Amino acid sequence: MLRNGLEPWHLLIVAIMIILLFGSKKLPEAARGLGKSMRILKSEAKAMKEDGTAQSTAAPAEPAPQVARSAPAEPTAAHRTAEGNPAH
């Protein structure tokens, strides 16, 4: 049934149907948008690849010193009113 696959006249019929469906004015805009999307995707993929190689070759960074912070002793007035306790 599908021995021949797609032949050139099949592609011609598909192209004519797309032009009839979307109109000749919308096709250049769609192609331009698709081109922009492909360029963005390509640049992002390249950036991710460069970031991956840069991280794997870089020496591991020393961890930043951690500073202990104390919690506030008493909640602020906004917290007291939000919890249902009246503000003083």
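Gly 23 comes directly after helix α1 and has a positive phi, near 85°. The model is predicted. Its chain holds 3 helices and 0 strands, in the order α-α-α along the sequence.

**Helix α1**
- Helix α1 covers residues 8-22, a run of 15 residues.
- From its first C-alpha to its last, α1 reaches 21 Å, which is close to the 21 Å expected at 1.5 Å a residue.
- Ile 18 is one of the residues in α1.

**Exposure of the chain**
- The chain has 88 residues, of which 1% count as buried.
- About 8,800 Å² of the chain is exposed, and carbon and sulfur atoms supply 65% of that area.

**Nonpolar surface patch**
- A nonpolar patch of about 1,000 Å² lies on the surface.
- The aromatic residues Trp 9 and Phe 22 contribute to this patch, together with Met 17.
- Its other members are Leu 12, Ile 13, Val 14, Ile 16, Ile 18, Leu 20 and Leu 21.
- Ile 18, a member of the patch, has a relative accessible area of 36%.
- Ile 18 counts as partly exposed because that value falls between the 20% limit for buried and the 50% limit for exposed.

Conventions: Residues are numbered from 1 along each chain as its sequence is written. This is a predicted model: local features need pLDDT of at least 70, side-chain atom pairs count only at pLDDT 80 or more; totals for chains, interfaces and linings use all residues. Side-chain values use heavy atoms; hydrogens and water are left out. Helices (H or I, at least four residues) and strands (E, at least two) are DSSP runs, numbered from the N terminus. The expected span of a helix is 1.5 Å times one less than its number of residues. Buried means under 20% relative accessible area, exposed over 50%, partly exposed in between (1.4 Å probe, protein chains only). Accessible areas come from the Shrake-Rupley method with a 1.4 Å probe; for residues, only the protein chains shown count as cover. Patches are made of residues with over 30% relative accessible area and no salt bridge: like charges are joined within 9 Å, nonpolar side chains (Val, Leu, Ile, Met, Phe, Trp, Tyr) within 5 Å. A salt bridge is a side-chain nitrogen of Lys or Arg within 4 Å of a carboxyl oxygen of Asp or Glu.
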